[in-house]
Amino acid sequence: MVHTLQQEDLIQDADGSSKAKKFILWLFVVSSTIMFGGFTSYYIVFAASKGKGHGLVLPDVFIYSTLVLVLSSICLFFAAKAVRNQNVQTQKILLWFTLILGATFGYLQVDAWTALYQSGATLVNNNAAISVIYIVSGMHLLHIFGGLCIIINSLWGAYAKVSHPTAVYRIEIASIFWHFIDILWIYLYVFLLLNS
Amino acid sequence: MSTITLNDTHNNDHHDGHDHGHHKQSFITKYVFSQDHKMIAKQFLITGIVMAVIAMGLSILFRIQLAWPDKSFPFLETFLGKWAEGGRIKPDFYLALVTIHGTIMVFFVLTAGLSGTFSNLLIPLQLGVRDMASPFMNMLSYWFFFTACVIMMASFFIETGPASAGWTVYPPLSALPKAIPGSGLGMTLWLASMFIFVASQLMGGINYVSTVLNMRTKGMDLWKMPLTIWAFFLTAILGILSFPVLVAGVVLLIFDRSFGTSFYLSDIVMGTQVLPNQGGSPILWQHLFWFLGHPEVYIVIMPALGISSEVISVNSRKPIFGYHAMVYSLIGITILSFIVWGHHMFVTGMNPLLGGVFMITTLIIAVPSAVKTFNYLATLWRGNIRFTPAMLCAIGMVSFFISGGLTGIFLGNASLDINLHDTYFVVAHFHLVMGSAAIFGMLAGVYHWYPKMFGRMMNAKLGYLHFWVTFICAYLVFFPLHFLGLDGVPRRYYAFTEFEFMQKWVTVNIFVTWSAIVAALAQVAFLFNFFYSIFFGKKATQNPWEANTLEWTTPVEHIHGNWPGEIPTVYRWPYDYSKPGAEEDYIPQTVPYSQTMSSNMPHDFEGNAESERIQREWDAKNNPDKADVHFH
């Protein structure tokens, strides 16, 4: 009697715990948003008190990187759909695309920094608003690295033939995080465009 | 049935050492890299206590300096070497002492030591959960905290000494590595330590919130949670919403320090050298810091408030007065705490209109705080009080919360604050309301849940000695400081003999220092009691305080998973003490209403018509008087 009860308990716990773990990720998303909120509030208060923003025309590379990131998110969306339909082959291909596009985004961001640097808008700058561009895109890039690791984890699962619920769980985690950093970047980019 | 049988086995097991039948664990997985929330709670507590003792030691050192600024104490040189050449503490080291004392007490003891210990221990135990949402993250949370402690302490072993810019590390002192000795490597270590600390707190806090929202046992709806859990839950939310802002601020500070950016720096001349940094503003750091810093003081006090609610209710043998009001006032404090940070910055040249807004929001916090205070007092009123050491500490907490809170009303007024800012009045205020109050809340928790943590009781007589000496001395230490502050004596000044108007306060400082030394000695009683009782204390019974909450339904001997059989179901709120008509003066949360027909009240059924009908019929048959009173 006791034994069966325990087993039922454990199964219940496992369900509850995967829900709770997903919730953990959402809370991380909240706290990460607030950190970027901290950076952008710095920017707003700085710009308001000095009467000037970064005053730059942002390099075009940022447009391309944004497009690439949006594209990667779309790929991931269809990859998640493939996982739910248990279509492993499509899942693999789409996840590879997501991964490559994510990495490309990283490359393009560095490219954008180079363009900024060459135009004279360096990190070490007497206009802190310009330094903020580097800080927010850099901190965002750290999130991209984290996101890539989570996508690799999901991709790895596809090759290791993990069970269907595990695969769904992994792709859900990856989706929440990757779409979040996608939206986060769009927010940051639009913020920087509007507050020049 | 099964629960009882298994309990007995576990009690017998104890004599053979620490082996539990079904969980063979190595020393490493059980005591070091444990993922069991109960062990992690103990790790947090003991680390917190060690850090508290260190921070208290530091405070005694600078109190010695304040009391006898011109006297030489050769033993100081023996211990501190060149930081106390000739037996006198150097000015630089004095600043390091106050900085690290504040940092350790606020973050390491009263944030990690308090929340870390009791959230970890009680959230799963009082909610009926086997373990945290992510036990692994929980373990990481502790080890990040431990690493942060080690890094912070490491700064005492470097040439230039620890950070010295005050616990708020305002730039430019913190941003220019060459400003003072403490701005060098010590400051870098401080920032690294805090970065890791924040990571630890976020991992912990996220875990607590997720566990509370997703994993409660059957029947445990939010309004049946003990007030401890409400407090820990809201504290964790505060942490999640405010600590990331500190990270943002610290990242910018690190770039200013190490890469030459100008986020916080402008127009600085060091010696004869004009620094290239232009355009930044140190005020922006203060905004980012206090956006965390103010919620942080509620992160410190709210768990203490929650613990006191529980301890006072249990030991008054009365339901907590105004349970819903207690919860709503906690929620009110949580929300308000985000819109008051400007009251730390009234003298930064803030627009008076903005200052007025911050003043109003600050003063509004007095409302939920007063609601809580009156509810504690109303709970005590005509209670059947048991003066356990935990109860004394909880009452002490209420006392400090009142006496320290009142001066908050002075300081919250911008016009008064301009006068009192950065004086000893502020020091007196926060040491009472958040220092002493939170410490006493923590001590109440330790005395109360010690049997749950270690399966043994602490010695009550030593507990009384510890409480009374600490309580009296805490007032003797902090109360006189108000008068220094009213006289305009600034905080953080090194030598009172250097200024004519401060000299008359040296005698008061001598008195305060002696009080502090006595208070510190009293902690020996606690430390001895704590560590001795782990091994040799009286064995605890399963429910030594006759409390209602779920943690007392678990076996005395810990098992991973907390309950040997099924997790108990919850039927009622946690505060059914001295319920009229009940056989005993407490009814645990696991007792269904069907077993307490003689004491059920109409509101117990929350409008469930069927239950009310059954009760009415029972009352009509067994207890006609009551039926008349409650069910017309």
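I take two residues to be in contact if their C-beta atoms, placed from the backbone, lie within 7 Å, and I note at the outset that the model I am reading is predicted.

**Chain A with chain B.** I looked up the contact first and found that 35 residues of chain A and 38 residues of chain B take part in it. On the side of chain B that touches chain A, helices H7 (185–214), H8 (227–259) and H9 (282–316) of chain B each give two or more residues, and H8(B) supplies the largest share, with 11 residues. When I sorted the residues on this side of chain B by class, I obtained 20 nonpolar, 16 polar and 2 charged.

**H5(B) with H6(B).** I then turned to helix H5 (residues 91–127) and helix H6 (residues 135–154) of chain B, whose axes come within 12 Å and cross at roughly 160 degrees. Angles over 145 degrees count as roughly antiparallel, and I therefore record H5(B) and H6(B) as roughly antiparallel to each other; their crossing is left-handed. Among the residues that meet here are B:Phe108 and B:Ala112 from H5(B), with B:Phe145 and B:Cys149 from H6(B). By class, I have 6 nonpolar and 4 polar residues in this contact, and no charged ones.

**H5(B) with H15(B).** For H5(B) and helix H15 (residues 424–454) of chain B, I found that the axes come within 11 Å and cross at roughly 30 degrees, again with a left-handed crossing. The residues that meet include B:Leu110, B:Gly113 and B:Phe118 in H5(B), and B:Ala438, B:Gly445 and B:Trp449 in H15(B). I noted 9 nonpolar, 3 polar and no charged residues for this contact.

Methods:
Residues are numbered from 1 along each chain as its sequence is written. Chains are lettered from A and ligands numbered from 1 in the order in which they are written. This is a predicted model: local features need pLDDT of at least 70, side-chain atom pairs count only at pLDDT 80 or more; totals for chains, interfaces and linings use all residues. Helices (H or I, at least four residues) and strands (E, at least two) are DSSP runs, numbered from the N terminus. Ala, Val, Leu, Ile, Met, Phe, Trp, Tyr, Cys and Pro count as nonpolar, Asp, Glu, Lys and Arg as charged, and the others, Gly among them, as polar. Axes are lines fitted to C-alpha atoms, for helices over the stretch in contact, and angles run from 0 to 180 degrees between N-to-C directions. Angles under 35 degrees count as roughly parallel, over 145 as roughly antiparallel, 65 to 115 as roughly perpendicular and the rest as oblique. A crossing is left-handed if the near helix is turned anticlockwise from the far one by less than a right angle, and right-handed if clockwise.
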